[in-house]
Protein chains: 2
Amino acid sequence: MIARRTVLSPTAALFAASFAAFAFASPANAQFAKPEDAVKYRQSAFVVMGSHMGRLGAMAQGKAPFDAEAARHSAQVIETMARLPWEGFAPATESLDSHARPELFRNMDDVKRLIEGLNAETAKLPAAVGSLETLRTQVGATGQACRACHDKYRRKI
Amino acid sequence: MIARRTVLSPTAALFAASFAAFAFASPANAQFAKPEDAVKYRQSAFVVMGSHMGRLGAMAQGKAPFDAEAARHSAQVIETMARLPWEGFAPATESLDSHARPELFRNMDDVKRLIEGLNAETAKLPAAVGSLETLRTQVGATGQACRACHDKYRRKI
């Protein structure tokens, strides 16, 4: 059997070559070349999400001036980010040092439920940033959804 | 003058307290409590963007099966991410060890031009993922926009 050949422009070929590690990704965890990449990916998504939650939290607390446009941008980034990290919690990452407690990997049904709860709240954020009052309420609800998972499955390191 | 008091629900207050560092952010770089946070933020955005560019690159190169839905998700994440990192290149971060060459901070007009070039390409990604052929072309163009900046302002460490 002859492998299907793909034709790439020189530019695309050069670019794709820099991601050659993906050729070695296992089918079970095809998005990441190695478990460390999955941890780095999920942590990066949490850093971006946390930064924007911090911006909304500062507005909600009156430590930063309310700025509806900036709040809307942060809300949209948070909504996108909140849907990303979970594929990074692959079983192969359990043995790696991170904030994740071992219990997380043994309770994926519960984790999934908590994730859906978070996503339900972050989905309401973009519509809630029109006024400081509604922003405050929805930032509180989103923070509660964050903590519902952190309290059970995140440890300080 | 009496400082305006803000009323937060107990949940929101608890949540906002975890971002108290923002109270100390300088006006000049109000989104980050310290320069290290800005570096971590921009690097995290690049990690997430790079992961999804890798997924599209793998499809473009035939190393992963073409999946229009997954490609659309990655394209949307990339478009969002490509607009984020730049505020992390604050002048105060120049002295910190990172991939950024010192030249970057002395040529911000050029960097801005390159960023706008990247954003112009990433904005076309979501509409380009409908077929492998158009995906391949636009992944190539986007990768070229990435490299236009990396070649000048990014160093290996």
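This short talk covers one long-range look at helix H7 of chain B and at some salt bridges.

What you see is a predicted model, in which local features need pLDDT of at least 70 and side-chain atom pairs count only at pLDDT 80 or more, while totals for chains, interfaces and linings use all residues. Residues are numbered from 1 along each chain as its sequence is written, chains are lettered from A, and side-chain values use heavy atoms, with hydrogens and water left out.

Let me start with helix H7 of chain B, residues 132-153, whose 22 residues reach 31 Å from first C-alpha to last, close to the 32 Å expected at 1.5 Å a residue; helices here are DSSP runs of H or I, at least four residues, numbered from the N terminus, and the expected span is 1.5 Å times one less than the number of residues. Its buried residues (under 20% relative accessible area, with exposed over 50% and partly exposed in between, 1.4 Å probe, protein chains only) include B:Leu132, B:Cys146 and B:Tyr153.

Turning to charge, the whole structure holds 20 salt bridges over all chains, each a side-chain nitrogen of Lys or Arg within 4 Å of a carboxyl oxygen of Asp or Glu. In one of them, B:Asp110 meets B:Lys152 with the closest N and O atoms 2.8 Å apart, and the pair links helix H5 to helix H7 of chain B across 42 residues. B:Asp110 is buried at 16%, whereas B:Lys152 is partly exposed at 41%. In chain A, A:Asp110, A:Arg113 and A:Lys152 are linked in a network of salt bridges.

Conventions:
Helix = DSSP H or I, 4+ residues; strand = E, 2+ residues; numbered from the N terminus.
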